[in-house]
Amino acid sequence: MKKTPTSKPKLLPKMYCNIFGHEYQVTKKVTYHVKEYTCRHCKKELTTNSNGTLTELTPKFKEINAILERIHTTRMERLKRKSITSSIYSQLV
Ligand SMILES: [Zn+2]
């Protein structure tokens with residue numbers, strides 16, 4: 001007979017999610033519309049896909065999100081610089 005270890009109940013979080021459902025928290029904001037989520041209990045990761053629905057965060061999606069994040073950051077930086085320039089300009093005029 002095998003002894004079942006009781007110290008680490010590995011199945012418990014998954015069982016919890018099966019019964020009560022996953023409890024996702026936003027772990028990363030990629031863009032305004034795309035976010036990454038992690039379940040508090042089983043650590044399952046989700047992300048928003050191009051259709052705006054949630055899907056499992058696979059390595060492929062992680063890659064896509066990294067690119068999206070870079071584009072988004074670049075765009076935000078450019079916008080910030082632009083608005084600073086225009087506010088200086090409006091002060092001068
Ligand atoms: Zn879960």
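Two strands are taken to pair if DSSP finds at least two bridges between them. In this predicted model, Lys28 stands opposite Glu36 in strand S2.

**Overall architecture**

The protein chain holds two helices and four strands. Read from the N terminus, these elements follow the order α-β-β-β-β-α. Of the 93 residues of the chain, 8% count as buried. Among the contacts with a separation of 6 or more, 25% are accounted for by residues 24 or more positions apart.

**The helices**

Helix H1 covers residues 12–20, and the count of buried residues among its nine residues is zero, so that H1 is described as hardly covered. After H1 comes Gly21, whose phi is positive, near 90°.

Helix H2 spans residues 59–92 and has 34 residues. From its first C-alpha to its last, H2 reaches 50 Å, close to the 50 Å expected at 1.5 Å a residue. H2 is likewise hardly covered, with two buried residues among its 34 residues.

The burial counts of three elements are set out below.

| Element | Residues in element | Buried residues |
|---|---|---|
| H1 | nine residues | zero residues |
| S1 | six residues | zero residues |
| H2 | 34 residues | two residues |

**Strand S1 and its pairing with S2**

Strand S1 is made up of residues 24–29, and S1 is hardly covered, with a count of zero buried residues. S1 pairs with strand S2, residues 35–39, in the antiparallel sense over five bridges. The connection from S1 to S2 is a hairpin through five residues.

Lys29 belongs to S1, and the bridge partner of Lys29 in S2 is Lys35. Lys29 counts as exposed because it has 12 C-beta neighbours inside 10 Å, and the cut-off for an exposed residue is 12 or fewer. Lys29 can also be placed relative to Asn65: the two are 36 residues apart in sequence, and their C-alpha atoms are 9.6 Å apart in space.

**Strand S3 and the second hairpin**

S2 also pairs with strand S3, residues 45–48; three bridges join these strands, which run antiparallel. Within this pairing, Tyr37 has Leu46 in S3 as its bridge partner. S2 and S3 form a hairpin with five residues between them.

Lys43 lies in the loop between S2 and S3. Although Lys43 is not a glycine, its phi is positive, at about 65°. Most residues other than glycine have a negative phi. Lys43 counts as exposed because 9 C-beta neighbours lie inside 10 Å.

**Summary**

The strands described here are linked by two antiparallel pairings, S1 with S2 over five bridges and S2 with S3 over three bridges. Each pairing is accompanied by a hairpin, one joining S1 to S2 and one formed by S2 and S3. Positive phi values are found at Gly21, after H1, and at Lys43, in the turn between S2 and S3.

Methods:
Residues numbered from 1 in each chain as written. Predicted model: local features only at pLDDT ≥ 70, side-chain atom pairs only at ≥ 80, totals over all residues. Buried ≥ 20, exposed ≤ 12 C-beta atoms within 10 Å, placed from the backbone. Contact = placed C-beta atoms within 7 Å. Expected span 1.5 Å × (residues − 1).
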